[in-house]
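Visitor: Got a minute to walk me through this one? I'd like to start with how the strands pair up.

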Amino acid sequence: MNRLISKTHFVALAAAALLGACATGDSPTGTQEEINQIQAQLLGDMPLPTGAKIIGSDSLIIGRGDGWVGRVNISALQGATDVYAFFQSEYPKAGWTTVTATKSKTSFLVFTKGERTCTVEINEGSLTGPKSIITITSSPKNANVIAPTRKP
């Protein structure tokens with residue numbers, strides 16, 4: 001059992017190192033193609049807008065590929081309206097089903113695929129930073145969540 005836990009921790013640390021070294025929004029290293037390959041390995045079947053970069057310091061990715069869970073923050077070169085249109089168009093092409101979509105100052109889209117749920121939040125960026133910030137949360141569909149109980 002300890003060997004399994006150690007291996008799991010190693011994989012998580014390796015993924016965090018890759019994020020921190022290659023795909024942070026502040027100072028990415030490597031070519032855009034290398035960054036895209038790492039992001040595809042981490043996020044699997046969740047496409048990103050062209051030029052988007054994972055902000056490693058603000059993300060928590062557990063696992064990788066088509067089964068990851070967690071939250072990932074992404075800086076995008078496109079404005080919020082274009083990013084919203086990207087997700088509405090490209091996620092269904094990747095096999096995701098739109099559950100709901102709300103376009104506003106902070107836009108939200110919810111998708112499902114198989115036994116997974118994905119929530120996408122899109123916010124306008126700043127004048128000096130990225131044009132928009134995307135937060136993707138991925139989790140198992142209908143995960144058993146047990147509310148904490150109060151002790152008497």
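Visitor: Which residue is the bridge partner of Ile74 in E7?

Guide: Keep in mind that this is a predicted model. E3 and E7 run antiparallel, with seven bridges joining them. Within that pairing, the partner of Ile74 on the E7 side is Ile134.

Visitor: And which residue stands opposite Ile74 in strand E1?

Guide: E1 covers residues 53–54 and is joined to E3 by two bridges, again antiparallel. The residue facing Ile74 there is Ile54.

Visitor: How many residues of strand E3 are buried?

Guide: E3 spans residues 69–76, eight residues in all, and is mostly covered. Buried means under 20% relative accessible area. The count for E3 is six.

Visitor: OK, on to charges. Which residues are joined into one network by salt bridges that share partners?

Guide: Lys93 and Glu90 make a salt bridge within helix H3, three residues apart. The network sits elsewhere: Asp45 meets Lys113 at 2.8 Å, N to O, and Asp45 also meets Arg116 at 3.2 Å. Sharing partners this way joins Asp45, Lys113 and Arg116.

Visitor: How many residues apart in sequence are the parts tied together by Asp45 and Arg116?

Guide: Both residues are buried. Asp45 lies in the loop between H2 and E1, while Arg116 is in strand E6, so the pair ties together parts whose separation in sequence is 71 residues.

Visitor: Is Lys93 buried or exposed?

Guide: The cut-off for exposed is over 50% relative accessible area. Lys93 has 62%, so Lys93 is exposed.

Technical notes: Residues are numbered from 1 along each chain as its sequence is written. This is a predicted model: local features need pLDDT of at least 70, side-chain atom pairs count only at pLDDT 80 or more; totals for chains, interfaces and linings use all residues. Side-chain values use heavy atoms; hydrogens and water are left out. Buried means under 20% relative accessible area, exposed over 50%, partly exposed in between (1.4 Å probe, protein chains only). Helices (H or I, at least four residues) and strands (E, at least two) are DSSP runs, numbered from the N terminus. Two strands pair if DSSP finds at least two bridges between them. A salt bridge is a side-chain nitrogen of Lys or Arg within 4 Å of a carboxyl oxygen of Asp or Glu.
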